[in-house]
Amino acid sequence: MLNAVGMPAAKLKESVMPVERSTVHRLAAHRAEIARLCRSDEQGCVVALAAAYRALSLDEKSISRRAVELVEAVRAQRRTASGVDHLMHEFSLSSQEGIALMCLAEALLRIPDGETMDRLIRDKISQGDWRAHLGHSGSLFVNAATWGLMVTGTMVATHREDTLGNALSRVIVRGGEPLIRRGVEFAMNLLGQQFVMGETVDQALERSRTNRGRGFTHSFDMLGEAALTTYDAEIYCQAYERAIHTIGQASNRGVIDGDGISVKLSALHPRYCRAQHRRVMEELYPRLLVLAELAAHYRIGFNIDAEEADRLSLSLELIERLAFEPSLAGWDGLGVVVQAYQKRAPLVIDHLAELARLAERRMMIRLVKGAYWDSEIKRAQIDGLSGFPVFTRKSHTDLSYLVCAARLLDMADVIYPQFATHNAHTLSCVERMAVDRAVSNYEF
């Protein structure tokens, strides 16, 4: 087997750049401190973050005005939006029905058999109060969809003939569930296109062509969960390789101006956890290096996704090894996703900036708010732990994000800042901080 640049896989271990012992100890000490502060006192963290935010001395009034402008502009565009946009507005995630539809939109894209689809539709649609949404929207599309969901909910909620009233309804129930499935599947696939660019990278690239013409770039992600078996990991690895080839051949604009890819480490190994440290380093790392070398060959961005808090130290150790690889020298596309809802986020950013300086390379950091909040809280409760690794209030996460954003912009000499947010106030605040620092080389 050859890796991305034609080097025999057996030689991978020998390729690691010799790193000074003092550097190794320094980075290890940083990681140990980050691990120690996993469940820091939330009140103390917030006090420190608030002080750091006040020290930024931002023009709050201009930030608020800019946020209002952004929201009003989006609302103006939505007036001419598609029926799917109106449907999403009516069934928002603040409603039980909206949550049910979002679950269906994602889940139906993954379910291969009709029987399981029928059971999921029956479960999600039968419990919703669809009648309450009827007539609320000015969109004919939404009202028609609501009526369909209301009727579908009645039909799939029961198989008792005496509740349906007439022979026609009985015929529909006996033979109509596959028809209902096809209708709901079609609607949910339509809805899913708002979140999923395509079933393949080729489709995603085609759909993103218009956006690229407008100056946007994309970081493509492979939808999927962690690998449960070695076979799963091999399939994911092959899929990532194909995706990098496809993106790389279609994008020749470099790390910053071109498209890139995001990689989930837990998809590359079925035992990606601290207890399997040796296996992770011996089995997962060579796969990761092959993918990184391939991305470097095409000069595209390669972001390593953030995962659960108990995997952070392991992820940082893998990233450190990549940063010192001779085969990746001269490539500034190595990126890391940092979750602002983790109490250690500022320390992680400091650690990565220090790593970039020691490795004499510019790295990318994509700042996000976080995606595993429910599971992080529940896991800590089940384990009887004294605290949580994440902030328990959204406002605390927002505060952490802004403080971390300022740090990234202050480190723009060694870090390419990437900001992921749906929040208009957060966006305008980051924009203001960048202007204040005369930093123009960053992305949203």
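# Briefing: strands, helix H13 and the nonpolar core

The secondary structure of the protein chain comes to 18 helices and six strands, and the coordinates behind this description are those of a predicted model. Of the 444 residues in the protein chain, 48% are buried. Where contacts join residues at least 6 apart in sequence, 77% of them in the protein chain link residues at least 24 apart. The points below take up the parallel strands S3 to S6, then helix H13, the core, and a few individual residues.

**Strand pairing and crossovers**

- Strand S3, residues 301-304, runs parallel to S4, and three bridges join the two; within this pairing, Ile304 has Val336 of S4 as its bridge partner.
- S3 and S4, together with helix H14 (residues 312-323), make a right-handed β-α-β unit.
- S4 is also joined by five bridges to strand S5, residues 363-368, and these two strands again run parallel, with Val338 standing opposite Leu367 in S5.
- From S4 the chain crosses through helix H15, residues 345-359, to reach S5, and this β-α-β crossover is right-handed.
- S5 is in turn joined to S6 by five bridges, the two strands running parallel, and Arg366 stands opposite Gln418 in S6.

**Burial of S4 and S6**

- In strand S4, residues 334-339, six of the six residues are buried, so that the strand is mostly covered.
- Both faces of S4 are covered, with Leu334, Val336 and Val338 buried on one side and Gly335, Val337 and Gln339 buried on the other.
- Strand S6, residues 415-419, is largely enclosed by the rest of the structure, because five of its five residues are buried.
- In S6, Ile415, Pro417 and Phe419 point one way while Tyr416 and Gln418 point the other way, and all of these residues are buried.

**Helix H13**

- Helix H13, residues 277-298, has 22 residues and reaches 30 Å from its first C-alpha to its last, which is close to the 32 Å expected at 1.5 Å a residue.
- The helix nevertheless bends by about 35 degrees at Leu284, and a proline, Pro286, follows within four residues.
- H13 is mostly covered, with 16 of its 22 residues buried.
- Arg299, which follows H13, has a positive phi, near 60 degrees.

**The largest nonpolar core**

- The largest nonpolar core has 86 residues, and those with the most contacts inside it are Phe302, Leu352 and Leu367.
- H13 gives the most to this core, with twelve residues.
- Not counting residues up to four places away in sequence, Phe302 touches Ile244, Ile261, Val263, Leu288, Leu291, Ala292, Ala295, Trp331, Gly333, Leu334, Gly335 and Met364.
- As general background, nonpolar side chains in soluble globular proteins tend to be buried together.

**Asp310 in the loop between S3 and H14**

- Asp310 lies in the loop between S3 and H14, and Asp310 counts as partly exposed because its relative accessible area, 35%, falls between the cut-offs of 20% for buried and 50% for exposed.
- Leaving aside residues up to four places away in sequence, Asp310 touches Arg274 and Arg379.
- Arg274 and Asp310 are 36 residues apart along the chain, and their C-alpha atoms are separated by 7.9 Å.

**Positive phi at Glu360 and Ala438**

- Most residues other than glycine have a negative phi, which is the background for the next two points.
- Glu360, found in the loop between H15 and S5, has a positive phi near 55 degrees although this residue is not glycine; Glu360 counts as exposed because its relative accessible area of 74% is over the 50% cut-off.
- Ala438, placed in the segment after helix H18 (424-436), has a positive phi of about 55 degrees and is not a glycine; with 70% relative accessibility, over the 50% cut-off, Ala438 therefore counts as exposed.

How values were computed: Residues numbered from 1 in each chain as written. Predicted model: local features only at pLDDT ≥ 70, side-chain atom pairs only at ≥ 80, totals over all residues. Heavy atoms only, no water. Expected span 1.5 Å × (residues − 1). Bend = angle between axes of the 7 residues up to and from the residue. Buried < 20%, exposed > 50% of the residue type's maximum accessible area, 1.4 Å probe, protein only. Pairing = 2+ DSSP bridges. Right-handed = clockwise from strand over helix to strand, strands pointing away. Core = buried A, V, L, I, M, F, W, Y, C linked by side-chain atoms within 4.5 Å. Contact = heavy atoms within 4.5 Å.
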